[in-house]
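This report describes a single protein chain through its strand pairing, nonpolar cores, salt bridges and backbone geometry. The structure is shown below.

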Amino acid sequence: MNPVSNSSLADNKYYQFEIAKDVGFDIPELISTNSRKSLVDFCEAGPTAIKFMTQDIFKLDDDTFSGIYVNKISASDLDDFAPDSENPITLQRYIEKDFEVRHTFVDGNHFCCKIESQKSDRANIDWRRYDVAHTPHTIISAPNHIVDKIESIMVLLGLTYRAFDFIVDKDGKWWYLEVNSAGQWLWIEDLLDLPISESIAKCLTNRL
């Protein structure tokens, strides 16, 4: 497969899943459909989360802002879903976590952060419901086979910056969730003193 030249294609989550499969990442089972029966069958087959393929931000009544996050879903949550006339939704097999990882790649540099989301009642399904005070963050090293796959997917996407999200299960297996084109990094830099901003600045200046 040749590197991607179209930036909008590189940001397409469905395309990214195909690339992730090609490089050998383990990916939780996924379904995108508007067939109620297929969605119900998927939910009944095992723990399930609803996954949003874009991150939308909206304003609340108190003038604060929030996003749409990953949530667990059951077959009964689909009771009001029309048989085949709704917009498609994406469901993914829910993986029981030991911890989560935000892995930031900047022009060949790897910054890997362990996020112990299971210690927070608020952030245990999706760490983006930030509860930093109760969610320890630590620097770790990703396994070599994960690093190799990250570097492969970056070549195929034709990019120098991406933020990867992983789940690590109770058996130590790393599950690929997604790769973010504009993934946030400053809170990790502030917490762990990782030189992510410096690496981004060097990457940009080297291309002047």
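## Strand S1 and its partner

Leu30 stands opposite Gln92 in strand S6. The model in which this pairing appears is predicted. Strand S1 covers residues 30-33, and four bridges join S1 to S6, which spans residues 89-93; the two strands run antiparallel.

In a regular strand the side chains alternate between the two faces of the sheet. S1 has a covered face formed by Ile31 and Thr33, while Leu30 and Ser32 make up the uncovered face.

## Overall composition

Six helices and 11 strands are assigned in the protein chain. Of its 208 residues, 47% count as buried. The chain exposes about 11,200 Å², and carbon and sulfur atoms supply 49% of this area.

Among contacts in the protein chain with a separation of 6 or more, 63% are between residues 24 or more positions apart.

## Nonpolar cores

In soluble globular proteins, nonpolar side chains tend to be buried together. The largest nonpolar core in this model has 26 residues, and those with the most contacts inside it are Phe25, Ile150, Ile153, Phe164, Phe166, Trp174 and Tyr176. At least two residues of this core come from each of helix H2 (13-23), strand S7 (97-106), helix H4 (144-157), strand S10 (161-169) and strand S11 (174-180). The most is given by H4, with seven residues. A second, separate core comprises 14 residues, including Ile115, Trp187, Ile188 and Ile196.

With residues up to four places away in sequence left out, Phe25 touches Ala20, Ile146, Lys149, Ile150, Ile153, Phe166 and Tyr176. Several names recur here: Ile150, Ile153, Phe166 and Tyr176 are touched by Phe25 and are also listed with Phe25 among the residues with the most contacts inside the largest core.

## A buried threonine in S7

Thr104 is found in strand S7. Its relative accessibility is 0%, so Thr104 counts as buried. Not counting residues up to four places away in sequence, Thr104 touches Asn109, His110, Phe111, Tyr161, Arg162, Ala163 and Ile196. Of these neighbours, Ile196 is also a member of the second core.

## Salt bridges

Side chains of opposite charge can pair when their charged atoms come close. A search of the whole structure finds 13 salt bridges, three of which are described here.

Arg93 pairs with Glu29, the closest N and O atoms being 3.5 Å apart. This pair links distant parts of the chain, 64 residues apart: Arg93 belongs to strand S6, and Glu29 to the loop between H2 and S1. Arg93 counts as buried at 14% relative accessibility, whereas Glu29 counts as partly exposed at 48%. A second salt bridge joins Arg36 to Asp79, with 3.7 Å between the closest N and O atoms. Arg36 lies in helix H3 (residues 36-44) and Asp79 in the loop between strand S5 (71-73) and S6, so this pair ties together parts that are 43 residues apart in sequence. Arg36 is partly exposed, with a relative accessible area of 26%, and Asp79 counts as exposed at 52%.

The side chains of Glu178 and Lys51 also meet in a salt bridge, at 3.2 Å from N to O. Here the linked parts of the chain are 127 residues apart, with Glu178 in strand S11 and Lys51 in strand S2 (residues 48-51). Glu178 counts as buried at 9% relative accessibility, and Lys51 is buried with a relative accessible area of 9%.

## Positive phi angles

Most residues other than glycine have a negative phi, and most peptide bonds are trans. Asp107 has a positive phi of about 50 degrees although it is not a glycine. Asp107 is placed in the loop between S7 and S8 and is partly exposed, with a relative accessible area of 32%.

Asp193 likewise has a positive phi, near 60 degrees, in a residue other than glycine. The loop that holds Asp193 runs between helix H5 (186-192) and helix H6 (196-205). At 69% relative accessibility, Asp193 counts as exposed.

## Nonpolar surface patch

Tyr130, Val132 and Leu191 make a nonpolar surface patch of about 250 Å². Val132 lies in the loop between strand S8 (109-115) and strand S9 (137-139). With a relative accessible area of 35%, Val132 is partly exposed.

Key. Residues are numbered from 1 along each chain as its sequence is written. This is a predicted model: local features need pLDDT of at least 70, side-chain atom pairs count only at pLDDT 80 or more; totals for chains, interfaces and linings use all residues. Side-chain values use heavy atoms; hydrogens and water are left out. Buried means under 20% relative accessible area, exposed over 50%, partly exposed in between (1.4 Å probe, protein chains only). Two strands pair if DSSP finds at least two bridges between them. Patches are made of residues with over 30% relative accessible area and no salt bridge: like charges are joined within 9 Å, nonpolar side chains (Val, Leu, Ile, Met, Phe, Trp, Tyr) within 5 Å. Accessible areas come from the Shrake-Rupley method with a 1.4 Å probe; for residues, only the protein chains shown count as cover. A salt bridge is a side-chain nitrogen of Lys or Arg within 4 Å of a carboxyl oxygen of Asp or Glu. A nonpolar core is a set of buried Ala, Val, Leu, Ile, Met, Phe, Trp, Tyr and Cys residues joined through side-chain atoms within 4.5 Å. Contact means heavy atoms within 4.5 Å.
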